[in-house]
Amino acid sequence: AQFLLWVQNSLTPGIINVSTSGHLHQLLIGHDPLIFEVVDKKKLNSKKTYEKRKIIPDNFTVYLATQPLFENLNVQVEKGYYLFRPADHELIPLTEKQIRSNIIDQLLQPSNSSNVLDINQCNISEKPFLAGYMINESDTNSCEIELKILKDLASKYSEQMHFTTLYGKPS
């Protein structure tokens, strides 16, 4: 599977087709900010789709996916561009105007109402305490509740400690 992705990325640099729910799931539990373009299945291999790439900053790869792939993971999205912010696992809709105005770097910062950081952004020497949830990404309802609680706690106590989401299985 990894070899196939490498070949695909070599043929269309900067654009990767996400063709399975498993591939999408792996992307959404990662720690990298991502740009998704949700398209019709017919457009996945269209040259016109690849031409749209020109508006995306060079330091981002565009992941093309369809609505049904997101729906398989209980995520509702419309067609268009989305920024995946790994800190609080939000999919932020993007307009072409926002993309052209270079707002992506600003959107990558957790919102003031969130204060939930990606684990890689937590500086233990700055704040020696860390609070978070071990997220079970296969249980969407629990994830939503846990993220809401985490955001609420972070809004009250982010001066004293870092708040983050953790993935994997408890030992």
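**Surface patch, aromatic cluster and nonpolar cores**

Ile145 lies in helix 7, which spans residues 140–157. The model described here is predicted. Ile145 counts as exposed, because its relative accessibility is 52% and the cut-off for exposure is over 50%. Ile145 belongs to a nonpolar patch on the surface. The other members of the patch are Ile149, Leu153 and Tyr157. Together, these four residues present about 350 Å² of accessible area.

Aromatic contacts were examined next. A pair of aromatic rings is described by the distance of the centres and the angle of the planes. The structure contains two such pairs. In one, the ring centres of Phe36 and Tyr63 are 5.9 Å apart and the planes meet at 50 degrees, so the pair is tilted. Phe36 sits in strand 2 (residues 34–38) and Tyr63 in strand 3 (residues 62–65), so this pair ties together parts that are 27 residues apart in sequence. Phe36 and Tyr63 are both buried. The other pair joins Phe36 to Phe70. Here the ring centres are 5.5 Å apart and the planes stand at 80 degrees, so the pair is edge-to-face. This contact also links distant parts of the chain. Phe36 is in strand 2, whereas Phe70 is in helix 4 (residues 67–72), 34 residues apart. Phe36 counts as buried because its relative accessibility is 0%. Phe70 is likewise buried, with a relative accessible area of 0%. Phe36, Tyr63 and Phe70 make up one aromatic cluster.

In soluble globular proteins, nonpolar side chains tend to be buried together. The largest nonpolar core of the model has 15 residues. Those with the most contacts inside this core are Val18, Leu24, Phe36, Tyr63 and Phe70. Five elements each supply at least two residues: helix 2 (21–28), strand 2, strand 3, helix 4 and strand 4 (80–85). Leaving aside neighbours within four places in sequence, Val18 is in contact with His23, Leu24, Leu27, Tyr63, Leu64, Ala65 and Leu69. Another core of 13 residues lies apart from the largest one. Among its members are Ile35, Phe60, Ile92 and Leu94.

Thr164 occupies strand 8 (residues 162–167). Thr164 is buried, because its relative accessible area is 0% and burial requires a value under 20%. Not counting residues up to four places away in sequence, Thr164 touches Val116, Leu117, Asp118, Ile119, Cys122, Leu130, Ala131, Gly132, Tyr133 and Leu150.

One of these contacts, Ile119, is found in the loop between strand 6 (116–117) and strand 7 (130–135). Ile119 counts as partly exposed, at 29% relative accessibility. With residues up to four places away in sequence not counted, Ile119 touches His31, Leu130, Thr164 and Leu166. Leu130 thus appears in the contact lists of both Thr164 and Ile119. Ile119 and Pro86 are 33 residues apart in sequence. Their C-alpha atoms are 9.4 Å apart in space.

The backbone at Asn74 was also examined. Asn74 is located in the loop between helix 4 and strand 4. Asn74 is exposed, with a relative accessible area of 52%. Most residues other than glycine have a negative phi. At Asn74, phi is near 60 degrees, a positive value in a residue other than glycine.

Terms used
Residues numbered from 1 in each chain as written. Predicted model: local features only at pLDDT ≥ 70, side-chain atom pairs only at ≥ 80, totals over all residues. Heavy atoms only, no water. Helix = DSSP H or I, 4+ residues; strand = E, 2+ residues; numbered from the N terminus. Buried < 20%, exposed > 50% of the residue type's maximum accessible area, 1.4 Å probe, protein only. Contact = heavy atoms within 4.5 Å. Patch = residues over 30% accessible without salt bridge, like charges linked within 9 Å, V, L, I, M, F, W, Y side chains within 5 Å. Areas by Shrake-Rupley, 256 points an atom, 1.4 Å probe, with all protein chains shown as cover. Salt bridge = Lys/Arg side-chain N within 4 Å of Asp/Glu carboxyl O. Phe/Tyr/Trp six-rings, centres within 6.5 Å; stacked < 30°, edge-to-face > 60°. Core = buried A, V, L, I, M, F, W, Y, C linked by side-chain atoms within 4.5 Å.
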